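Let's take a walk through this fold, strand by helix by core. Keep the viewer open and follow along.

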Amino acid sequence: MRPLEKSWNYSSCFCEKELMSMAKYVVVGGGIAGVTCVETLSSLCSEEEILLITASPVIKAITNYKKITKTLEDFDVEERPSASLLTKCENVKVLQKSVKSLNAKAHVVTLDDGEEISYQKLCLCTGGKPKLIANKNPYVLGIRDTESVQEFQKRLSAAKRIMVVGNGGIATELVYEIEGCEVIWAIKDKSISSTFVDPGAGEFFMGELNKKKETQEGKPSKRLKYSVEEVGNISSDRPCTGGALGPDWSTDLSMTGREEVSHHVVVEKCVEVKTIYTREDFVGSGKSSLDLSSNEDQDPWPVYVELTNDKVYGCDFVVSATGVVPNSAPVLHGNQFTVARDCGILVNDRMRTSEEDVYAAGDVCTAGWEPAHHWLQMRLWSQARQMGAYAAQCMVADTKGQNISLDFCFEVFSHVTKFFNYKVILLGKFNAQGLGNDYEILLRVTKGLEFVKVVLSGGRMEGAILIGETDLEETFENLILNQTDLTPFKDHLLDPDIDIEDFFD
Ligand code: FAD
């Protein structure tokens with residue numbers, strides 16, 4: 001291991017510009033992955049120096065962590081000033097700066113102001129950036145961090161109609177939350193929310209789309225709280241330096257346009273965006289657009305979107321909720337990282353990248369190990385937390401020359417979220433991922449109440465989608481983990497009159 005050249009005293013290094021600052025463990029990124037990594041490092045080695053470098057003024061703190069089942073976890077996320085970390089972790093220093101480049105061979109990161117920091121072990125947790133359908137188009141917004149949500153809210157308050165493009169979690173939450181504005185939801189699949197759920201569950205949610213929402217008054221407030229300061233004008237192509245939002249990001253945020261309508265969502269399925277026209281280009285094109293709102297006195301819209309089904313919609317702006325791309329660019333240049341096809345930095349089962357002493361966790365990385373049969377990577381807050389914690393354990397184990405085996409949380413994919421105000425739990429191969437045609441589906445659906453889907457293969461449970469308050473998650477997780485042969489019970493597995501928890505106890 002490379003010996004430290006001088007003992008670490010970070011504060012003195014600010015005055016001694018000629019000396020290179022150093023820390024044994026350096027973590028880049030103050031999102032869920034980076035903060036969890038730093039906290040775990042701090043608890044594992046309270047004597048060591050740990051430095052968190054993050055571009056954003058706030059860090060993401062996890063609170064109210066609770067395990068629902070062996071692998072399913074629930075927690076709140078709070079944005080806090082970075083200084084709050086220091087009270088909990090005395091051996092951690094936080095530097096609010098951007099990493100501009102990395103020299104992995106020399107074990108040195110260079111910051112935006114030219115300062116250089118050397119490390120023994122580095123963990124990259126720089127998250128992802130929204131993948132936009134059009135870059136530098138002022139009418140196309142991506143949603144990633146608190147600032148981008150503020151910009152979205154500001155524009156929405158003056159909007160009569162917007163288009164949401166994308167079919168994942170962000171798009172699903174947006175179309176549910178937006179009121180007072182027509183929403184055209186353009187999806188490339190046959191059913192809504194397909195990143196997470198299958199067409200059956202999509203159909204279950206369809207009924208909720210244009211329902212008047214229940215008032216939230218008197219209901220317990222959801223989990224995420226932002227302490228957001230006013231920000232000035234934000235350009236749509238500004239660099240995205242804040243951490244990604246987390247669970248319940250849309251709750252308690254006003255998402256209201258300027259119209260009277262409560263909820264009006266039009267879904268365009270199996271389409272992509274073909275062309276985005278400015279008002280001037282559109283007026284000159286001789287094309288005509290669809291008018292849904294019988295808004296005859298509507299001035300030309302600021303922007304027009306032509307879809308691949310040849311329909312053209314005018315709208316105030318477009319939200320591009322089309323996924324994220326790992327934010328690996330700043331560290332790639334001059335190094336030999338293996339980068340996956342999705343642009344994530346490839347890590348092995350010890351969260352190591354292909355560069356010595358450099359680890360990565362969260363949205364920026366791609367799991368390069370042979371995954372357990374029931375696990376898959378999805379860029380979610382739960383996996384960001386798990387990877388951050390495990391990366392820290394690996395960094396310490398490697399420093400001490402200890403063995404460590406892949407954390408149990410990577411045995412079964414599990415995720416809890418909320419769509420259309422329903423609790424949604426995904427377990428294992430919830431969409432029969434990788435099973436080809438070799439599976440069967442068991443379903444129990446009660447409209448407006450619950451949707452239970454079980455994926456079986458060879459009589460064993462491979463995955464499940466649980467929507468609503470089903471209370472089945474623990475039993476189903478066990479059935480997936482234990483691979484119990486369910487052939488004799490299959491017909492009764494979803495019988496609402498049978499308490500399967502007792503049955504399999
Ligand atoms: P991030 O949270 O993106 O953090 C990256 C950090 O790196 C930031 O602090 C940033 O400032 C810092 N950084 C970046 N570049 C540099 C640099 N060069 N130098 C220094 N610091 C740098 N997941 C769910 O599970 N459930 C949900 O309901 C859900 N909803 C979401 C809603 C929205 C709108 C979005 C955008 C994401 C949502 N996600 C959700 C995904 C989830 O938020 C992310 O998977 C998770 O937060 C990723 O955490 P991370 O720590 O890897 O990255």
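**From a covered strand to the core**

Start at strand E26, which is mostly covered, with seven of its eight residues buried. Bear in mind that this is a predicted model. E26 has partners to look at: seven bridges join E25 to E26, and the two run antiparallel. Ser457 stands opposite Arg460 in E26. The hairpin made by E25 and E26 has two residues between the strands, and Gly458 takes a positive phi there, near 55 degrees. E26 is also joined to E23, by five bridges, again in an antiparallel arrangement. For that pairing, find Gly428, which stands opposite Gly463 in E26.

Now, what packs against these strands? The buried residues of helix H6 do: they pack against E23 (422-428), E25 (450-457) and E26 (460-467), and also against E22 (414-419) and E24 (440-446). H6 covers residues 199-206, and its buried residues are Ala201, Gly202, Phe204 and Phe205. Because these residues cover an arc of only 155 degrees around the axis, they sit on the same side of H6. As a reminder, an α-helix has 3.6 residues a turn, so residues three or four places apart point the same way. Turn H6 over and you get the exposed residues Pro199 and Glu203, carried on the face turned away from its buried side.

Phe205 is worth keeping selected, as we meet this residue again in the largest nonpolar core. That core has 103 residues, and Phe205 is among those touching the most other members, along with Phe152, Ile162, Trp185 and Met351. The largest share of this core comes from helix H9, which supplies nine residues. There is also a second, separate core, with 20 residues, including Leu72, Val452, Leu466 and Ile480.

To get a feel for the 103-residue core, zoom in on Phe152. Leaving out residues up to four places away in sequence, Phe152 touches Leu141, Ile143, Ile162, Leu174, Ile178, Met255, Phe317 and Val319.

Finally, hop over to H9, which spans residues 381-400 and holds Gln383. Is Gln383 buried or exposed? Gln383 counts as buried because its relative accessibility is 3%, and the cut-off for buried is under 20%. If you skip its neighbours within four places in sequence, Gln383 is in contact with Trp375, Leu376, Gln377, Met378 and Phe413.

Methods
Residues numbered from 1 in each chain as written. Predicted model: local features only at pLDDT ≥ 70, side-chain atom pairs only at ≥ 80, totals over all residues. Heavy atoms only, no water. Buried < 20%, exposed > 50% of the residue type's maximum accessible area, 1.4 Å probe, protein only. Helix = DSSP H or I, 4+ residues; strand = E, 2+ residues; numbered from the N terminus. Arc of directions from axis to C-beta. Contact = heavy atoms within 4.5 Å. Core = buried A, V, L, I, M, F, W, Y, C linked by side-chain atoms within 4.5 Å. Pairing = 2+ DSSP bridges.
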